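This briefing addresses two topics: backbone conformation in loops and the arrangement of strands in a sheet. Please consult the sequence and the structure as displayed here.

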Amino acid sequence: MSTEFHPVLNAAELPAGASKAVHIDGHDILVGNAAGEFFAVQNRCTHQDSPLEGGRIRNGLIACPLHGVMFDVRTGCGRGQMGRVPLRTFALRVVEGRIEVSLAAPVAAA
Ligand code: FES
């Protein structure tokens, strides 16, 4: 798996609570801002494969617009029975105001 980072958006384009779909090497990825913390997850809900873009982001969770299952934006873990399959998460960094995403998994927080 490539650990190369790809510039995707300017951080200023993504205010708190916003999300935007981007594509890297054929992967549909959702980049979002959870109260100032940027994240990158797969842009397909694991419940019924619906896009997560536009889902409400609150308290570190994104709610799928279709049926409302909530996923932790850091770990990808879902809530409840419909969210039992976690989202894939991606490494993200901000370099000189530019959001960059890697197809590698994020480094786990200690
Ligand atoms: S498709 Fe996302 S909650 Fe059902």
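Two strands are taken to pair if DSSP finds at least two bridges between them. Helices (H or I, at least four residues) and strands (E, at least two) are DSSP runs, numbered from the N terminus. The model is predicted, so local features need pLDDT of at least 70 and side-chain atom pairs count only at pLDDT 80 or more, whereas totals for chains, interfaces and linings use all residues. Residues are numbered from 1 along each chain as its sequence is written, and side-chain values use heavy atoms, with hydrogens and water left out.

**Sheet arrangement**

- An open sheet of 3 strands follows the order 5-6-7, with antiparallel pairing.
- Strand 5 and strand 7 (70-72) are at the edges with a single partner strand each, so one side of each has no neighbour in the sheet.
- Strand 6 (residues 61-63) pairs with strand 7 in the antiparallel sense over 3 bridges.
- Ala63 stands opposite Met70, a residue of strand 7.

**Positive phi in loops**

- Most residues other than glycine have a negative phi.
- Asp49, although not a glycine, has a positive phi of about 60 degrees.
- Asp49 lies in the loop between strand 4 (37-42) and strand 5 (57-58).
- With a relative accessible area of 48%, Asp49 is partly exposed (buried means under 20%, exposed over 50%, partly exposed in between; 1.4 Å probe, protein chains only).
- Glu96 is likewise not a glycine and has a positive phi, of about 50 degrees.
- The loop between strand 8 (92-95) and strand 9 (98-102) contains Glu96, which counts as exposed at 81% relative accessibility.
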